[in-house]
Amino acid sequence: MSEARERASRDEAAMRLALDQAQNAWLCGEVPVGAVIVREIEGERQVVATGYNRPITTHDPTAHAEIVALRHAAQLLGNYRLPECELYVTLEPCAMCAMALMHARFKRVVFGAADPKTGAAGSVVDLFAEARLNHHTALEGGVLAGACGALLREFFVERRAQARRGRAEAPAAAAPAADEPVSPPAASPFAAGRESDYDIVEVIEMHDTSPGRPADDR
């Protein structure tokens, strides 16, 4: 097997692990994005840490899959610099994640689906190619992009279907009587956060392109 094919095979295997992590996010009601950090020790590939999207469940706007995995890896290895590590993530990193990965001195970052709305690895901006920054991390995109994008689309299709069912099943008895004063609905503590997290639905519909570079957002 050629070196290029061997690397492609390793990349796909690691991205499948990241997809497994993305499924965990889905089960928690989070946007399904997953990440895996690996390093090579004496010729053997080793999974150092994993993470999945969890900003809603942890009430932490920084808890993207990459950041969760990065924190675990840094703690496990006892170092805030990880120059021997590579990160695989199912969705193109945002600006926050891209800078965190470069600050940690990652050797390489590999992502699956492109993000035309907030992607900072070439879709909106390319921080990895910014010559004025003092560190540069090798970057590769599009690994298992079709599978990564499909998972996001399926998640939001399910979410929209659930929302439609909820509206259809709202009991008519909830309507107040004619002589009963109407109180304004209580604001959900999650409404604003979930709205912004799930506005990707429109992006997917507008930018759903070829399997090689599907457009999704977190």
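Helix axes here are lines fitted to C-alpha atoms, over the stretch in contact, and their angles run from 0 to 180 degrees between N-to-C directions. With that in hand, welcome to this predicted model. The axes of α1 and α5 come within 11 Å and cross at roughly 10°. A good place to start is where these two helices meet, and then to follow the aromatic rings found there.

**How α1 and α5 pack**

- Two packed helices are described by the angle between their axes and the distance between the axes.
- Angles under 35 degrees count as roughly parallel, and α1 and α5 are therefore roughly parallel to each other.
- On the α1 side, the contact is made by M15, L19, A22, Q23 and W26.
- Facing them from α5 are A147, C148, L151, E154, F155 and E158.
- Sorted by character, the residues of this contact divide into eight nonpolar, one polar and two charged.

**The aromatic rings**

- A search of the whole structure turns up two aromatic pairs.
- In one of them, W26 and F155 meet edge-to-face, 5.4 Å centre to centre and with 90° between the planes.
- W26 belongs to helix α1 (residues 3-27) and F155 to helix α5 (residues 145-168), so this pair ties together parts that are 129 residues apart in sequence.
- Are these two rings buried or exposed? W26 is buried, with a relative accessible area of 17%, and F155 is buried too, at 0%.
- F155 also forms an edge-to-face pair with F156, at 4.9 Å centre to centre and 85° between the planes.
- Like F155, F156 is buried.
- Put together, W26, F155 and F156 make up one aromatic cluster.

**A charge over a ring**

- Which ring does the charged end of R54 sit over? It is the ring of Y52, and the charged end of R54 lies 4.3 Å from the centre of that ring.

**A buried histidine in a loop**

- H64 is found in the loop between α2 (55-58) and α3 (65-77).
- Buried means under 20% relative accessible area; H64 has 13%, so H64 counts as buried.
- H64 and N53 are 11 residues apart in sequence, and their C-alpha atoms are 4.7 Å apart in space.

**To take away**

- W26 and F155 appear twice in this tour: both are part of the contact between α1 and α5, and both belong to the aromatic cluster with F156.

Key. Residues numbered from 1 in each chain as written. Predicted model: local features only at pLDDT ≥ 70, side-chain atom pairs only at ≥ 80, totals over all residues. Heavy atoms only, no water. Phe/Tyr/Trp six-rings, centres within 6.5 Å; stacked < 30°, edge-to-face > 60°. Helix = DSSP H or I, 4+ residues; strand = E, 2+ residues; numbered from the N terminus. Buried < 20%, exposed > 50% of the residue type's maximum accessible area, 1.4 Å probe, protein only. Lys NZ or Arg CZ within 6 Å of the ring centre and 35° of its normal. Parallel < 35°, antiparallel > 145°, perpendicular 65-115°, else oblique. Contact = heavy atoms within 4.5 Å. Nonpolar A, V, L, I, M, F, W, Y, C, P; charged D, E, K, R; others polar.
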